[in-house]
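Subject: Structure handover

Hello,

Here is the structure you were expecting. My notes on the ligand site and on two backbone details follow it.

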Amino acid sequence: MLAYFGPQGTFTEQAALGLGASPADLVPFDTVPAALAATRRGEAEAACVPVENSVEGAVPATMDALTEGEPLVAVAETVLDVRFSVLVRPGGGEVKTVASHPHALAQVRHWLAEHLPDADVVATTSTAAAARAVLAGEFDAAVSAPVAVRHYPLEVLATDVADVRDAKTRFLLLRRPGALPAPTGHDRTSVVITATDRVGALSDLLAELALRGINLTRIESRPTKGRLGEYRFYIDFDGHVAQPRVGDALAALRRHCPDTRFLGSYPKAEAGGPTPGDEEFVAAAEWLAAVREGRGA
Ligand SMILES: O=C(O)C(=O)C[C@]1(C(=O)O)C=C[C@@H](O)C=C1
């Protein structure tokens, strides 16, 4: 069973299918924490959840759920283009209320102001939950994934709705810790670190990556929910932990901050340049071994 952030017809369902899940294996959960909890309990083999959007940024529910509870690690990612359809009940009258996931609403703010200026905007747990609620008569219109209309007998009021062209959302496939995906040469590593409160703490962490020629691809912070001013940093960087330079960097991060959680090394969805090779790291380790054994200098 593969858990995903549902119900049927979410972007996340499409992401899970794009990652090779078979439709018969997919089981929807109404929230990201619920999909991850089913995976932690072993009821689901893996969970597919949204992690960040190019317009609205990180999905806080996913970030928090990744640090609360037993560790899960990402084994794959995928990126989807995000454009919405606005769905209404067939023959439905005036649109007085429009519903969707907060991330979706944030991506169509201008469109709503122009086309449905008088409608009340209501947040739902997901874009597909909004479509389901429109069908049930709770709201008049839903901002949904285009595929939602295949699952819910609604009418399409508008297609291709997006304030920002080329908006994209990134999704992760997460499992309980186990064998890591093999390095491909185009990988990403994710960690979450609770930085200690001292001068230069974050700069020291980032320097460990820079010193080893590792490209930082994302950094986000979330409060620890403990003391005001105490943060967790979600850091993504190029490379796979199996590579000497990346493994070295990860150990250094862990030395700085014992509260470091590994969130996975997995192939990148979008091809970038290959991660720099590790030849000089391997050569230096061999040289050091020789020095220690009295074979070299
Ligand atoms: O509600 C959905 O359809 C989702 O899969 C969630 C989500 C998100 O969390 O950003 C995914 C893609 C879109 O950016 C809007 C909503």
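The shell around the ligand holds 4 nonpolar, 9 polar and no charged residues. For these classes, Ala, Val, Leu, Ile, Met, Phe, Trp, Tyr, Cys and Pro count as nonpolar, Asp, Glu, Lys and Arg as charged, and the others, Gly among them, as polar. This is a predicted model: local features need pLDDT of at least 70 and side-chain atom pairs pLDDT 80 or more, while totals for chains, interfaces and linings use all residues. Residues are numbered from 1 along each chain as its sequence is written, and side-chain values use heavy atoms, with hydrogens and water left out.

In total, 13 residues surround the ligand (a heavy atom within 4 Å of it). The closest are Phe11, Thr12, Gln107, Thr127 and Thr169. Domain 1 (1-81 + 167-178) and domain 2 (83-161) both contribute to this shell, so the ligand lies between them; the domain bounds come from an automatic or database domain assignment.

Three side chains have a polar atom close to a ligand oxygen, as pairs of N or O atoms within 3.5 Å:
- Thr127, at 2.4 Å
- Thr12, at 2.6 Å
- Gln107, at 3.0 Å

Taken alone, the ligand exposes 360 Å², and the protein buries 100% of that (Shrake-Rupley method, 1.4 Å probe). The space that the ligand takes is the largest cavity, a cavity being a set of points, on a 1 Å grid over the protein atoms alone, where a 1.4 Å probe fits but cannot get out. The elements giving two or more residues to the shell are α1 (11-18) and β3 (46-53). Helices (H or I, at least four residues) and strands (E, at least two) are DSSP runs, numbered from the N terminus.

Two backbone details remain. The peptide bond from Gly6 to Pro7 is cis, with omega near 5 degrees, and Pro7 sits in the loop between β1 (2-5) and α1. Asp160, in strand β10 (residues 155-161), has a positive phi near 60 degrees although this residue is not glycine.

Regards

Definitions and conventions: A polar contact is a pair of N or O atoms within 3.5 Å; within protein, one must be able to donate a hydrogen and the other to accept it, and residues adjacent in sequence count only if both atoms are side-chain atoms. On a 1 Å grid over the protein atoms alone, a cavity is a set of points where a 1.4 Å probe fits but cannot get out, and a pocket is an open set with protein on both sides within 12 Å along at least five of seven lines; lining residues have an atom within 4 Å of a point. A molecule sits in a cavity or pocket if more than half of its atoms lie within 2 Å of its grid points.
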